[in-house]
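Here's a structure to look through with fresh eyes. Let's ask what the labels on it rest on.

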Amino acid sequence: MPHIYRCALELMEPTFFSSREVSAIYQTEPLIGNYALAYAFGFCQAPYRTAGSPRYREDLGGLNQRGLYVTPATIQGAPRFTVGEFNAQTDTYWYAMGNNLLVTRPDGAWAEGAMGAWYIIERPGEKGRKLGVENRPQHGRIRYLALGNVALCYVISEQDITIPRYIRLGKFMSKARVTAEPVAFELVHAENVTIGFLLNPADLPAELAMTFWDTINVPPTPLIKNLRCSGACYRIDRDRYLPARMAFGV
Amino acid sequence: MSIIDRYSAHLPATYSNSPQGRFVSLLLVRKVESEAIFRTEGSGEPLNREFVFAGRQHREGQPPIPRIVISKRKQTAVERRTGRELLRRYNLLKGKNDRVCTLNTNTPCEWCVDCMLYGYAAGGGGSQRSRVITDDAFSLHSAETITGQRQFNALFDSSTMYDRDTGKRSTSINTDEYIRPESLFIDIETLKDVTPDELRYTLGNLFRSARYGAISSRIGKIENILAGVVFSDCELFSNLELTQTVFDVLGDGKDLDFPLHPSQAERAVREATTGLLRDLPGRFVALSEEEVNDLRREIVALYSDESALESMLRQMTASYGPRA
Ligand SMILES: [Zn+2]
């Protein structure tokens, strides 16, 4: 039988995941995805330098082989948010904020804006080299999960493991304190039970019979809540159920 | 023997792309020396604050207090600029497509000390994660104790509130909330898998950075005081817990005297750290007060020796690979 740990994550700083973007507002949904958690717990490690594409298949696939799984984390109670503004700033003395572009100019050159575009002019009289826009936001507003939110997730592991006391979450590596405790459970055949916390539908075993659920569309994979299902489950805390045999569906 | 050499067994000798879980935590008291403003919104908006418990040993029913927050991103932004000035002086910011490595634009060089240590995201898709991690820093005192209101007027060329040509009065009168001089912020800067030279460089940036926050060229002078250094194989406690524990060490549950001498806060940071480290599920070594002072002297000596500094920066740049 595996070991199951209940992990309470207490946010020690405002925490940001870009889960929804509406014009220049970047919003964090009140949840923490389980792929992010697998990295944050240090179960798998991303290299410092990457070529851009995520390595979920390699990294999370390795966890499946080790029989290690972590569920998404569900915020306890009503989630609270903090809103802030951000502005990309460069380290040059002169710069301009273009449309999705932070304009700087090389020494000895001049920058000029015309019709919403910016040009670098090296020699007097020339029209100049047009600067392209950048593919990441230069300014906007951010909705963070506020300090003090507590989220709950479960770690299921074939081996007895040590769970770190502190982890870093989100785009700005915000600190969270982890209180992990092993939970007693038994493997049962559950009939029409509702699972109140978040699950990753891609990670559920095929034999679990699912009746209905709420879908939450967030990157990188949608999550579900209030799943009504029948099948093999771990019964924890007397009246809580966790589907058995979950594994990263990468 | 230099302190960093003495503890070099706790640091990787060279940069590796794979995380090794070697942490250096720099415990800081950031002392505000002039008026300062930290906020995430524009002028006229209040300062960043969070309602949190004053100490960790809060009594049941005790209300939380507002603390002023210096956001984590405001901190590294300043410190990496300080370092980049130095790299630029020695021509160690590399070019790419004719454009020199510039912060926050699509032209990180991907190979200078700054890119390698503090990270970047390139337009083309590659990125380097930062190995210098800051946390939001909390004021030791409550926001009420350390903030004031200031009215500012925008003057015309004649240094008066009236425009001589039109006879109009300036309408730019506003109040700004500011942080009072002598306010103290408790902070941990976490370095992950840094080499001995990268540690020297980061400390140099910390000691040499002096202006933080809004309108940073005129106000926001801050002195960074290194109160402790811990080498460990896992993350330490959070800034909030450290600040709250320092509060407990210093007081008996009431708000603290203001101003408070920074040496009292430094001592309290060391005492709080010793206590909090008892709970740490990992291995760690903390420098003594004397060693922290020696370390500071070592960095000051390095930065006043131009040729030693330049050769360190060149070696560090070269160590990242053939492109340098
Ligand atoms: Zn660079």
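What follows is a short round of questions and answers about a few backbone spots.

This is a predicted model, in which local features need pLDDT of at least 70, side-chain atom pairs count only at pLDDT 80 or more, and totals for chains, interfaces and linings use all residues. Residues are numbered from 1 along each chain as its sequence is written, chains are lettered from A and ligands numbered from 1 in the order in which they are written, and side-chain values use heavy atoms, with hydrogens and water left out.

Q: Why is Met115(A) called exposed?
A: Exposed means over 50% relative accessible area, while buried means under 20% and partly exposed is in between (1.4 Å probe, protein chains only). Met115(A) comes in at 85%, so exposed it is.

Q: What is said about the phi of Met115(A)?
A: That phi is near 50 degrees, a positive value, and the residue isn't a glycine.

Q: Where do you find Met115(A)?
A: Look in the loop of chain A between β11 (110-114) and β12 (117-121). Strands are DSSP runs of E, at least two residues, and helices are runs of H or I, at least four, numbered from the N terminus.

Q: What makes Arg238(A) exposed?
A: Its relative accessible area is 73%, which is over 50%, so the label fits. Arg238(A) also has a positive phi of about 70 degrees without being a glycine, and sits in the loop between β20 and β21 (240-243) of chain A.

Q: Which peptide bond leading to Pro259(B) is cis?
A: The one from Phe258(B), with omega near -5 degrees. Pro259(B) belongs to the loop between α6 (239-250) and α7 (262-277) of chain B.
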